[in-house]
Amino acid sequence: GRITGLSTEKDARAEVDIGGQMGAHTPFAVSGQISPLSDDLFVDLRLALDNVELSPFTPYSVRFLGYGVDRGKLGLQVDYHIENRQLKAGNVVLLDQFFLGGKVNSEDAVHLPLKLALALLRDRQGKIKVDVPVEGDLDDPEFKVAGAVLRVLRNLVVKVAASPFSALASLVGSEESLDSVPFA
């Protein structure tokens, strides 16, 4: 990879182009522009990660989700843009054949109907695609990126579990509610 054009000049932006492979089957790429040395932080980066095996993350999923990972792979694309201390980020997560194992007691685990939400989000090919946009002011002491992402994901799980028929309607491309079916 390479980073070219690093400078402390106000409007200078460095080009980032880094790529590689983690393990035997996980390619990644980072590209975009940054200006980390100037007084006015600028970031416009994209990270793409493909084919991450999720079973090694079982210790974390047991602790924070209350379930082990049975199987699955992760694809991730994040786009972060910071300009004038304002963050606009897109986080697209693709889970392929992701299934949780048995329930495990953990004090740190979230108390959400995760298996139900995953089942409702999964398409016919066994894939789950979640788009998590995040925006905020970096000078706001209440704003934290990780907290914002986790709140969006938690709200998504609660929404899907509370209104599964709406989620099913969106999966088939219908704008009608499927919570009732009229018939003669």
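Student: What is the accessible surface of the chain, and what share of it belongs to carbon and sulfur atoms?

Tutor: Let's begin with the outside of this predicted model. The accessible surface of the chain comes to about 12,100 Å². The part of that surface that belongs to carbon and sulfur atoms is 55%.

Student: Thanks! How many of the residues count as buried, as a percentage?

Tutor: Here we look at the residues one by one, and a residue is buried if its relative accessible area is under 20%. The chain has 184 residues. The share that counts as buried is 28%.

Student: Which pattern do the helices and strands follow along the sequence?

Tutor: A good first step is to list the elements: the chain has 4 helices and 7 strands. Now read them in order along the sequence, and the pattern is β-β-β-β-α-β-β-α-β-α-α.

Student: Where do the buried residues of helix H2 lie, seen down its axis?

Tutor: Helix H2 covers residues 114-121, and its buried residues are Leu114, Ala117, Leu118, Leu120 and Leu121. Looking down the axis of H2, you find these buried residues within an arc of 165°. They therefore line one face of the helix.

Student: Let's turn to a strand. Is threonine 26 buried or exposed?

Tutor: Threonine 26 belongs to strand E3, which spans residues 26-35. Its neighbours beyond four places in sequence are Gly20, Gln21, Leu49, Asp50, Asn51 and Val52. Its relative accessibility is 9%, and the cut-off is under 20%. Threonine 26 therefore counts as buried.

Student: How far is a polar atom of the threonine 26 side chain from the backbone oxygen of asparagine 51?

Tutor: We have already met Asn51 as one of the residues that threonine 26 touches. Here the two atoms to look at are a polar atom of the threonine 26 side chain and the backbone oxygen of asparagine 51, and the distance is 3.2 Å.

Student: Which kind of aromatic pair do phenylalanine 57 and tyrosine 60 form?

Tutor: The structure holds 1 aromatic pair. Its partners, phenylalanine 57 and tyrosine 60, are 6.5 Å apart from centre to centre, with 45° between the planes. An angle under 30 degrees would count as stacked and one over 60 as edge-to-face. The pair is therefore neither of these, and it counts as tilted.

Student: Which residue lies over the face of phenylalanine 42?

Tutor: Try looking for a charge above the ring. At 3.5 Å from the ring centre of phenylalanine 42, you will find arginine 13.

Note on methods
Residues numbered from 1 in each chain as written. Predicted model: local features only at pLDDT ≥ 70, side-chain atom pairs only at ≥ 80, totals over all residues. Heavy atoms only, no water. Helix = DSSP H or I, 4+ residues; strand = E, 2+ residues; numbered from the N terminus. Buried < 20%, exposed > 50% of the residue type's maximum accessible area, 1.4 Å probe, protein only. Polar contact = N/O pair within 3.5 Å; in protein donor to acceptor, adjacent residues only side chain to side chain. Contact = heavy atoms within 4.5 Å. Phe/Tyr/Trp six-rings, centres within 6.5 Å; stacked < 30°, edge-to-face > 60°. Lys NZ or Arg CZ within 6 Å of the ring centre and 35° of its normal. Areas by Shrake-Rupley, 256 points an atom, 1.4 Å probe, with all protein chains shown as cover. Arc of directions from axis to C-beta.
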